[in-house]
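Hi,

Here is the structure I promised to pass on. Please open it first, then read the notes below.

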Amino acid sequence: MQDEIFHAPPAFAAQAAVDADRRRLMEQAASARPEQFWLEQAGRIAWASPPTIASASDFTGDVAIRWFADGTLNASISCLDRHLATRPDQVALIWEGQDGQSERLTYAALHERVCRMANVLRTLGVGRGDRVAVHLPLVADSVVAMLACARVGAVHVVLFGGFSAEALADRLADSGAIVAITADEARRGAKRVPLKAMMDEALARTDAHAVRALLVLRVTGAEIVMQPGRDYALAPLLAQAAADCPAETMSAEDPLFVLYTSGSTGKPKGMVHATGGYMVWAAFTHDLVFDHRPDDVFWCTADVAWITGHSYVVYGPLANGGTILLFEGLPSHPAPGRWWQVIARHRVTTFYTAPTAIRALMREGDDVVARHDLSSLRLLGSVGEPISPDAWLWFHDVVGQGRCPVVDTWWQTETGGIMIAPLPASVPQKPGSATLPLPGVHSVLLTDKGAVIAGEGEGCLCMAQSWPGQARTIWGDHARFRQTYFSFAPGYYFSGDGARRDSDGYYWITGRVDDVINVSGHRIGSAEIEDAVATDHRFAECAAVGIAHDLKGQGLVVFAVPRDGTADGLAGHATQAIVRVVGRYAAPETIYLVPDLPKTRSGKIVRRLLRKIAGHELDGLGDLSTLADPSVVDRLVDAVARQGGGR
């Protein structure tokens, strides 16, 4: 399956902006004349004063990342104002509520909404450099709030609606946010998430004392408690605010946002992204990877609280003058096929989602997909984790009906945007491979001793040179930034991921380096095991982890989710699939058949929890607030105890 190669269909390739020749020329220019190349790419966004210097970055010593440093701009102008002369009546944002309600905002209307919100912030004393926490559900106002912060020069700190009060308080305190924007509730299927109550609890903690004003958006109309002198109903303030707001001129290196990484242990890391480089990277990568066209309706299913939502719900598509779709609900609420219904209703052309979502949709059956008109789709994308060849092929064959290229993208919160992905008309796709680095991306594989691996091989995925979208630091802790990303091999950015490079130069992401399981000297990537289990269609998904083993160093444990809920005899089939695809040396110590896996709302499997559960370390599970469904942990603990560790 991994040997199959898929070329873009002729009809797609004929209209694509970047063919093989243009891609080759871009790579040559980025390598031979990087300064000129990146200054040309900077022209993708609007500048108050264009930069004359591209990069002044250094991975050694104190580590300094700087791009376009002498340029000035405002991010909201690139996303809104510059489009008003040519496309004021084009739809910029489509919002689809989970219960069928919808809203369509033109560029002119979105500009007015952003200006009103920006004026409300200015009335509260928010100015350049101040931090504003955005704690909203997936409604149009979440995008409006982000762009309003950018307009007044404030640094937005978007906080996931599923965070606990403790997690919110930690991030509010670390960022020093002076204003927060929340809602009464969020709708999540049949549930209601009490955002205002959770924010109240967070603000009651003494370490979140910097917030002096809380703006409250009415979403469900639920009864809430308003604290006089601190809390303000947002709607009346927006109605009174002026419909125009001059944009603050920012330096390219002024922070645009701080975004906290999820699923990690210890103190959260607030990644700082600078205005100029980030905007160029978001526009550049969105245009190239998704072959952006003026009439595209682009649906990235990520929450705006994650970097994928920042770059490919908001900044990239709007900088390129696209139409974005924002969907509030769940893939199968109130019934299977809801996402396909949305695609058909709004004639979505580009659909970008996570492998875990794809596998969940596979479980619903091909007939659910077939009931909907998906003829508008022309490009599919995957993000978040390595996608198994099995899921890739289903996405390509069933959803894309064989006529839509699939761009499997590798990148991180720290990179700001896509780093490795096929440009759909110029790089043939291999199911399960992120394929090749984008023009201007200098990826390398290093051994665990820091030596460069040439040609085919497997090692630690690093970057030898900076790129415009790279995070500048960790908020308030540059020493941690240096230690985390630049101490592994001096002069290189260390992604923390492992990868394999094949004879064609294609990259296959093997998972986090700390997810590489060393069994009796054999280094086994979690993705390799998971792809093997996926070849048996009786399993919907799985996750492989390593736990301490007296003889082998580490033992391999697999958590597998049966497709139809029936567990009888399936553990043996999973083992057989692994032995057949990977080899007998990779036979797991234990296979647990479980109802679900712990995931963040962005779809990432939280393997650190699985390691602790498999190792019976139940006293140190840590903060579960980043999980889409924290109750899954109890179900997993019960399943492991019930199965007694046997295979």
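**The cavity**

The structure holds 1 cavity of 30 Å³ or more. Bear in mind that this is a predicted model. The volume of the largest cavity is about 40 Å³. Which residues line the largest cavity? They are Asn74, Ala75, Ala150, Gly153, Ala154, Met250, Pro255, Leu256 and Thr275. By class, that lining has 6 nonpolar residues, 3 polar and no charged. As background, rolling a probe the size of a water molecule over the atoms shows where empty space is left.

**Two helices in contact**

Next, look at helix H10, residues 275–289, and helix H11, residues 307–319. Their axes lie 8 Å apart, and the packing angle is about 80 degrees. Angles from 65 to 115 degrees count as roughly perpendicular, so H10 and H11 are roughly perpendicular to each other. The contact residues in H10 are Tyr278, Met279, Ala282, Ala283, Thr285 and His286. On the H11 side they are Ile307, His310, Ser311, Tyr312, Tyr315, Gly316, Pro317 and Ala319. What is the make-up of the contact of H10 with H11? Its residues comprise 9 nonpolar, 5 polar and no charged.

**The sheet of 7 strands**

Now the sheets. Strands of a sheet pair through backbone hydrogen bonds, either parallel or antiparallel. One open sheet has 7 strands, in the order S3-S2-S15-S14-S16-S17-S18. Its pairing is mixed. Strand S3 (102–106) and strand S18 (406–408) stand at the edges. Each has a single partner strand, so one side of each is left without a neighbour in the sheet. Neighbouring strands of this sheet are turned against each other by 15 degrees on average, direction ignored. At one edge, S18 pairs with strand S17 (residues 379–382) in the parallel sense, over 3 bridges. Gly381 has Val407 in S18 as its bridge partner.

**The sheet of 5 strands**

Another open sheet has 5 strands, and its pairing is antiparallel. The order is S20-S19-S21-S23-S24. Strand S20 (452–453) and strand S24 (507–512) are the edge strands, and each pairs on one side only. S24 pairs with strand S23 (residues 493–501) over 5 bridges, in the antiparallel sense. To find your way along this pair, start from Arg501, which stands opposite Tyr507 in S24.

**Two backbone points**

Most residues other than glycine have a negative phi, and most peptide bonds are trans. Two places here are worth a look against that background.

- Is the peptide bond from His333 to Pro334 cis or trans? The bond is cis, with omega near 5 degrees. Pro334 sits in the loop between strand S15 (323–327) and helix H12 (338–346).
- Phe68 has a positive phi, near 55 degrees, although this residue is not a glycine. Phe68 belongs to the loop that runs between helix H3 (34–41) and strand S1 (72–73).

Best wishes

Definitions and conventions: Residues numbered from 1 in each chain as written. Predicted model: local features only at pLDDT ≥ 70, side-chain atom pairs only at ≥ 80, totals over all residues. Heavy atoms only, no water. Axes fitted to C-alpha atoms, helices over the stretch in contact; angles between N-to-C directions. Helix = DSSP H or I, 4+ residues; strand = E, 2+ residues; numbered from the N terminus. Parallel < 35°, antiparallel > 145°, perpendicular 65-115°, else oblique. Contact = heavy atoms within 4.5 Å. Nonpolar A, V, L, I, M, F, W, Y, C, P; charged D, E, K, R; others polar. 1 Å grid on protein atoms, 1.4 Å probe; cavity = no way out; pocket = protein on both sides within 12 Å on 5 of 7 lines; lining within 4 Å. Points joined across faces, edges and corners; volume = space filled by probe spheres on them. Pairing = 2+ DSSP bridges.
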